[in-house]
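Here are a few exercises to work through with the model open in your viewer. Try each task before reading its solution.

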Amino acid sequence: MKLRSENMDLKAYMLRKYPGILRYANSDRMVLKRLRKTVSYATKSDLYRNKLKQAGVVPGRIRSLQDFKRMVPTTTREEIVKAGPYGMLAVRPGEKCLIYSQTSGTTGGHVPLWVTKDEIERSVGLATSLPVFQNLMSSSDIVALCYPYTRTLAGRMADMINQRRGATIIPMGTRNNMYPPEEVVDTILRLRPTILGSVATDAFSYANILMDRGIDPTSLGIKLIVSGAEPLSSNRAKVLGKVFGCKALSLLGQNEVGVAIPCEHNVLHLPSFAMFTEVYNDDGTEAAPGERGYSVVTPTWREAQPILRYVTGDVIRLHEDPCPCGLPLPTMEILGRKITQLRIGGRKYFPIELEDILYRSYINGPWYKMVLESGGLHVSIEHRGKDRDRTMEEVSANLKKELGTDVTVEILPPGSLYDYKGVRPGKALSRIVDRTSGKDQLIEGA
Ligand SMILES: [Zn+2]
């Protein structure tokens, strides 16, 4: 039988063949059914066995989505860290094959992220069924993978997705000792991949190493870049695509609860068939559709590590309007952690919004830095090109117009702010510094 021989999960098969099924899968009745099952399953872990008992939650009494929101308590990052690496597990080591990963720990301790082998294989089946991968990738592709292979599952998952597609894979990892950036570039030049999976900053770095050697990145024949593990604004993705002469997509998720689904229009879709998302205002009331708010997420497909109503710390915005790609799933903007917001003039901005304004101009360099002071915003940009004065004026005018504050801009040669030939330092680097609030703001992932 075809289904079995392809080892494809039924849901993935249905999604590939009949994407309209998602409308049915996301009906309130189906969502409620999944949530009840998830709550019941969660009691297998030490954390939820105690937590749900204390809160008096009985899955059978959850009769509506409102009941779920009212009865089930939220889960915080601190609780997970406190529960310890085994406290969240619903499957004990030895029962099933388990794979461990964890968050970077830059904000208050490492959060464990467990999956079972079966779970990861189902996710891979699902990913390969998505239109974006069906339409943009084929078995004849040669894929250079520069995502991290350790600590996170990014590299491992990308490997498995490409294996399932039957593509040719060059696993390199991200700026490590085995493949420092220049070695990655050498390998790209020798093997000529058609797809590059890479953190956007790394892709800009490889482009600059190529140009140091007098090679135009658009001559390589790369047709697609999939950036992950780092926030990438829509305009910066467009510029990256222009640097390589290809399409560039951003694959990003919310902290600890899973990735969003990109589409060919570089729009992120919420995988609502696999996670239930609530959006709240600061005062605890539910945000209206289309309004920004902080997200509380319950993944409903988890096997190893169930999690209920997780307060992600991310501010998101969901839109119900149909996306031109036709995928019947809400679209989502992930704006970033609330604590990274900056107040400029009378408005608050997320770093990714400032980046998007910056990259209305063509800026070809691996790094930029913005420092907000009481006198205004100072922007340093690495940029390679003869049009330095014009770029400087354009960036300055765009930011001034949008922010209504004094802006100074300096253009620096690539390498001035960030060592794009070096292996990655072990800590996150700051792109945005807010001296008006006295704290550094981080916008780096990976
Ligand atoms: Zn779309």
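**Exercise 1. Pair up two strands and place them in their sheet.**

Task: In what sense do strand S6 and S7 pair, and over how many bridges?

Solution. Keep in mind that this is a predicted model.
- Start with the pair itself: S6, residues 224-228, runs parallel to S7, with 5 bridges between them.
- Pick out one bridge: Ile225 has Ala248 in S7 as its partner.
- Now zoom out to the whole sheet, which is open, has 5 strands with parallel pairing, and reads S4-S3-S5-S6-S7.
- Next, look at the edges. S4 (168-171) and S7 (247-251) each have a single partner strand, so one side of each has no neighbour in the sheet.
- As for the twist, neighbouring strands here are turned by 15° against each other on average, ignoring direction.
- Finally, add a helix: H10 (residues 154-165) packs on this sheet and touches S3 (142-146), S4, S5 (195-198) and S6. The direction of H10 makes about 165° with that of S4.

**Exercise 2. Classify a loop residue.**

Task: Is Thr174 buried or exposed?

Solution.
- Locate the residue: Thr174 sits in the loop between S4 and helix H11 (181-191).
- Count its surroundings: there are 26 C-beta neighbours inside 10 Å.
- Apply the cut-off: a residue is buried if 20 or more other C-beta atoms lie within 10 Å of its own. Thr174 therefore counts as buried.
- One more thing to check is Tyr147: it is 27 residues from Thr174 in sequence, yet their C-alpha atoms are 5.2 Å apart.

**Exercise 3. Walk across the antiparallel sheet.**

Task: What is the strand order of the open sheet with 6 strands?

Solution.
- The order is S10-S11-S15-S14-S13-S12, and the pairing is antiparallel.
- Begin at S10 (261-262). This strand and S12 (275-280) are the edges: each has a single partner strand, so one side of each is left without a neighbour in the sheet.
- Step from S10 to S11 (residues 268-269): the two pair over 2 bridges, antiparallel. Here Pro262 stands opposite Leu268.
- Step from S11 to S15 (residues 331-337): again antiparallel, over 2 bridges. His269 has Thr331 as its bridge partner in S15.
- Step from S15 to S14 (residues 310-319): this antiparallel pair has 6 bridges. Among the partners are Leu318 and, in S15, Met332.

**Exercise 4. Find the core.**

Task: How many residues does the largest nonpolar core have, and which of them have the most contacts inside it?

Solution.
- The core has 115 residues, and the ones with the most contacts inside it are Leu145, Ile225, Leu240 and Val379.
- Ask who contributes: helix H12 (residues 200-212) gives the largest share, 7 residues.
- Check the domains: at least three core residues come from each of domain 1 (2-119 + 267-338) and domain 2 (339-441).
- Look closely at Leu145. Leaving out residues up to four places away in sequence, Leu145 touches Gly155, Ala158, Asp159, Ile169, Ile170, Pro171, Met172 and Gly197.

**Exercise 5. Describe the domain contact.**

Task: How far apart are the centres of domain 1 and domain 2?

Solution.
- Over C-alpha atoms, the centres are separated by 34 Å.
- Their contact takes 6 residues from domain 1 and 7 residues from domain 2.
- On the domain 1 side, the touching residues split into 1 nonpolar, 3 polar and 2 charged.

Key. Residues are numbered from 1 along each chain as its sequence is written. This is a predicted model: local features need pLDDT of at least 70, side-chain atom pairs count only at pLDDT 80 or more; totals for chains, interfaces and linings use all residues. Domain bounds come from an automatic or database domain assignment. Two residues are in contact if their C-beta atoms, placed from the backbone, lie within 7 Å. Ala, Val, Leu, Ile, Met, Phe, Trp, Tyr, Cys and Pro count as nonpolar, Asp, Glu, Lys and Arg as charged, and the others, Gly among them, as polar. A nonpolar core is a set of buried Ala, Val, Leu, Ile, Met, Phe, Trp, Tyr and Cys residues joined through C-beta atoms within 7 Å. A residue is buried if 20 or more other C-beta atoms lie within 10 Å of its own, exposed if 12 or fewer, and partly exposed in between; C-beta atoms are placed from the backbone. Helices (H or I, at least four residues) and strands (E, at least two) are DSSP runs, numbered from the N terminus. Two strands pair if DSSP finds at least two bridges between them. Axes are lines fitted to C-alpha atoms, for helices over the stretch in contact, and angles run from 0 to 180 degrees between N-to-C directions.
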